[in-house]
Amino acid sequence: MGRERSGAAQPSSRPAPRAALFMAGRVALMLAGIAVMALGIDLVVKGNLGNSPISACPYVVSHVLPDISFGTLMLVWQCLLVVTQIVILRRDFHPIDLLQLPVSVFFGLCIDVFVVLLAPLSVSSYLSAWLYLAVGILVLAAGIVMTVVSGTVMNCGEAVVQAVVAKTGIRFGTVKVSFDLTCAIVATVLGLAFLGYVEGVREGTVVCAMFTGMVVNLYMAGYGKLRAARAARCERRAVVGGASAPCEDAREAAGAWGDGAVLD
């Protein structure tokens, strides 16, 4: 999503090299967040308690249309999510937001890499399956927060959530829960309608849908407190030393990284 919808600060008067370094840091944070999200999803899937909500619909369709690969259907699903953002945002949707699509390709590559890296691990019991699910949710939520606070480009699913946040002012995590539950319900309906049974949606899918957004809210609340504490320390140093530039940088960074409705 564009920075305008994640509460980005206005352009500063900082020198160009510093501004470029600042932006590079934000992009690096976003890419790291995408990779962390991919790890979280693979951990959820590793538990074998159902697919993650964001992949549930294309997974069902891959069983309805077996001649089309799951990866192709995931890309189609991501494109549909971009169209959804356009419908929600209308004039507030900007061409730069189409960068979500190449980011989604990177997301898919990360998922494939972590599938290979996690392959040696095994699920020995139902309890261990829930452990994988719990850790996956914590990791997935951390990755989501990293992409949101970067103020750059988000994964298509989280970008839809942020579009609703921008239009309603509802907390990101709250909208995330509703979005994930909707994906799980749609996947269930598709399975029953075209396959005659539920495919890929299990207890883990529902738990992931219900709790990922809640964990995101907790992480964002903690981030907000850390940011406020940093700003307070900076202000105190400015009062003692009379230096204001570091505080201006801190305020700008805070505004660029996740301000606005997301943290309400």
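## Leu 65 and the nonpolar surface patch

In this predicted model, Leu 65 is placed in the loop between α2 and α3. Its relative accessible area is 39%, so Leu 65 ranks as partly exposed, a class that lies between the 20% limit for buried and the 50% limit for exposed residues.

Leu 65 also belongs to a nonpolar patch on the surface, together with Val 64, Ile 68 and Phe 194. The accessible area of these residues together is about 330 Å².

## Helix α7

Phe 194, a member of the patch, falls within helix α7, which covers residues 172-194. With 23 residues at 1.5 Å a residue, α7 should span 33 Å. The expected span counts one less than the number of residues, and the end C-alpha atoms are 33 Å apart, so the two values agree.

The buried residues of α7 include Phe 172, Val 175, Val 177, Phe 179, Cys 183, Ala 184 and Ala 187. Lys 176 and Asp 180 are also among the buried residues of this helix, as are Gly 173 and Gly 191. After α7 comes Gly 196, which has a positive phi near 85°.

## Positive phi outside glycine

Asn 48 is not a glycine, yet its phi is positive, at about 60°. Asn 48 lies in the loop that joins α1 (16-46) and α2 (53-64). With a relative accessible area of 55%, Asn 48 is exposed.

Arg 90, likewise a residue other than glycine, has a positive phi near 55°. Its location is the loop between α3 (70-89) and α4 (100-118). Arg 90 has 66% relative accessibility and therefore counts as exposed, the cut-off being over 50%.

Notes: Residues are numbered from 1 along each chain as its sequence is written. This is a predicted model: local features need pLDDT of at least 70, side-chain atom pairs count only at pLDDT 80 or more; totals for chains, interfaces and linings use all residues. Side-chain values use heavy atoms; hydrogens and water are left out. Helices (H or I, at least four residues) and strands (E, at least two) are DSSP runs, numbered from the N terminus. Buried means under 20% relative accessible area, exposed over 50%, partly exposed in between (1.4 Å probe, protein chains only). Patches are made of residues with over 30% relative accessible area and no salt bridge: like charges are joined within 9 Å, nonpolar side chains (Val, Leu, Ile, Met, Phe, Trp, Tyr) within 5 Å. Accessible areas come from the Shrake-Rupley method with a 1.4 Å probe; for residues, only the protein chains shown count as cover. A salt bridge is a side-chain nitrogen of Lys or Arg within 4 Å of a carboxyl oxygen of Asp or Glu.
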